[in-house]
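Hi everyone, thanks for coming. I'd like to walk you through a structure today, so please have a look at it with me.

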Amino acid sequence: MKPTPGDIYCVFHPQLQQYVACQVTALKDSRLVAVLELDWSGDALPDAAGLVAMRPLICDFFFWREHLDHRFLPASVPPHYTYVGNLPPLVNEEVNSYGGGWCVGNSLHSQRRWQTIAPDRRARFKAASRDRQVTLPTGVLPENTTKITDTWLTGLTDFSLLEQLPCLTSIETAQGSEALAAFIRQHPFISELHWASCAGMTALDLSGSQLRRLIVDPTGLTSLTLNDNLHLLSFTREPAPDLVIHSLHDGRHLTLSPGQTLPALQGLDALRELYLTQVEQADIAAIADRFPALAGLRLWGKPGTVAHMDSLSRLSQLQTFTTVDLFGFSPEEFPVPEQLPHMAMLWMSSLPADVAAAVKKSWKKAAGVELSVTKPRKPEWLAENLTNPFRDWDGRENISPANAKKAATLYKKARISLREIDSASDAASVSARAEEMVRSWADAFNAMDRRSSSIETIEREEIADVIYGLLSEMEQQLGQGTPQPFDKAAMMDLFDRLRDF
């Protein structure tokens, strides 16, 4: 759909369980439109009278004060939005905000939640000042403090003292307890909780709270009860298969971010969005079996590979799909627009070059789809990066990011050098190249260890294994039956003599 100024669109909001509305007020260019959220919801699409009565949504929840939700969004209206009419733009103001996607109704939902909170508590929130101090047993804080950590919670037994902080919205703790959970359940403003340890607890009940984001270490938990308004559930470790998650609507409104792999937990059968990061292997068929109602799926590789990409078409309600650094699938496996009729945003970055070309061709004219396909990767890039044996160094405690990058670069250069070798290569030059690689690697890793003392037993073995593998590949590329120009064992002995780590 190509919008024009004054167009009003409606969409069904899953948390409000009603239709909500917005108006396109201006066109910025061919890529962006200004969208104003309206103060309206209904069980059905509006009639002519309802359309004329619509007004802008005025937001004053939390830190907003008489604010309009008016921002630039992508010009492609998602296919699940319904055009209901056109009125002269309800506001005429300069728009300075930008949004990543169409999420109409979220501000209306937040505003209505805010209005359910007792007026005196809302007034205290708005009136809180940095100039006034609050004294806790663990220290002194400004009255308008929004986040506290274990620095202030350690040793605190009477959590009602936290009521002195009327703007408290976020708690981060590794010392969670049932008493703290009870306080959170009855506090209307706490919207974010980082629960870093469930030591000694098998059940965590957050029902009745107003959390929007929950980041939790589920180790030891067999029962987790969520509140109705939770938007994001993120795990810092893999949950146990016997963990049961209780949710009023089985995750119908929820985004789950469990880490690298598809979790084996029980519950959340109607999950709305799934976000996997640092993926090494993903099976779309398994995802579709486990969470068939997904409207959003994001997969970020390490890089990694994907199996059964054709099963994506089984996710009939899918609206957003994002991949980064994922490979192992062909153009024929990726669904065409007719198979995913509700798709509104398709972003793929760092993917096989042939898949990138096919997706662009088949999806570029799909109505209402925000399409971004970038960083197509050729087989040469995959050989140098997807199987780079040093990629796991990134993030290790004893390896700096700079050293991880240097090791990966050395491997890439060696792979490039290998491509220049074939059965017609001169034996003397191949032998010289093998020795040059061994010497240069020993020099590079010696220098790295002298500066940082970071190469320990595991890294020492990995470096040797990589060199051995590269020498073996050099042999293979010369062809079967060809006299080998170098002694692999002698090259490894040379490496052992040269290395200082």
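In what order do the 11 strands of the open sheet run? Before I answer, please keep in mind that this is a predicted model. The order is S11-S12-S13-S15-S17-S19-S20-S21-S22-S23-S24, and the pairing is parallel. At the edges you find strand S11, residues 147-148, and strand S24, residues 370-377, each of which pairs on one side only.

Two helices that pack on this sheet are worth a look. Helix H5, residues 178-185, touches strand S12 (170-173) and strand S13 (192-195), and its direction makes about 170° with that of S13. Helix H7, residues 353-363, touches S23 and S24, with an angle of about 155° between its direction and that of S23.

Let's zoom in on one pair of strands. Strand S22, residues 320-327, and strand S23, residues 345-352, pair in the parallel sense over five bridges. Within that pair, Val324 stands opposite Ser349 in S23.

Now move along to Ser350, which also has its place in strand S23. Is Ser350 buried or exposed? Its relative accessibility is 1%, and the cut-off for buried is under 20%, so Ser350 counts as buried. What does its side chain do there? The side chains of Ser350 and Asp325 are joined by a polar contact of 2.5 Å. Ser350 also touches several other residues further away in sequence, including Val324, Leu326, Phe327, Thr374, Lys375, Arg377 and Trp381.

Let me step back to the whole protein for a moment. There are 12 helices and 24 strands in it. The C-alpha atoms fill a box of roughly 85 × 60 × 45 Å along the principal axes. Of the 501 residues, 50% count as buried. The accessible surface comes to about 23,400 Å², and carbon and sulfur atoms own 51% of that. As for contacts with a separation of 6 or more, 51% of them come from residues 24 or more positions apart.

Next, the nonpolar cores. Which residues touch the most other members of the largest core? That core has 70 residues, and the answer is Leu233, Leu297 and Phe321. Taking Leu233 as our example, its contacts beyond four places in sequence include Leu214, Val216, Leu224, Leu226, Ile245, Leu254, Leu256 and Leu268, and also Thr255 and Ser257. Apart from the largest core lies another one, of 33 residues, among them Ile399, Ala404, Ala407 and Met474.

My last stop is helix H2, residues 106-115. How many of its 10 residues are buried? Seven are, and the helix is mostly covered. For those of you who like polar side chains, the buried set is Ser107, Leu108, His109, Ser110, Gln111, Arg113 and Trp114. These buried residues pack against strand S1 (7-13), strand S2 (18-27), strand S3 (32-42), strand S4 (58-59) and helix H3 (119-127).

Just after that, in the loop between H2 and H3, lies Ala118. Ala118 is partly exposed, because its relative accessible area of 34% falls between the 20% and 50% cut-offs. Its C-alpha atom is separated by 9.2 Å from that of Pro188, although the two residues are 70 residues apart along the chain.

That's my tour. Thanks for listening, and I'm happy to turn the model around for anyone who'd like another look.

Technical notes. Residues are numbered from 1 along each chain as its sequence is written. This is a predicted model: local features need pLDDT of at least 70, side-chain atom pairs count only at pLDDT 80 or more; totals for chains, interfaces and linings use all residues. Side-chain values use heavy atoms; hydrogens and water are left out. Two strands pair if DSSP finds at least two bridges between them. Helices (H or I, at least four residues) and strands (E, at least two) are DSSP runs, numbered from the N terminus. Contact means heavy atoms within 4.5 Å. Axes are lines fitted to C-alpha atoms, for helices over the stretch in contact, and angles run from 0 to 180 degrees between N-to-C directions. A nonpolar core is a set of buried Ala, Val, Leu, Ile, Met, Phe, Trp, Tyr and Cys residues joined through side-chain atoms within 4.5 Å. Buried means under 20% relative accessible area, exposed over 50%, partly exposed in between (1.4 Å probe, protein chains only). Accessible areas come from the Shrake-Rupley method with a 1.4 Å probe; for residues, only the protein chains shown count as cover. A polar contact is a pair of N or O atoms within 3.5 Å; within protein, one must be able to donate a hydrogen and the other to accept it, and residues adjacent in sequence count only if both atoms are side-chain atoms.
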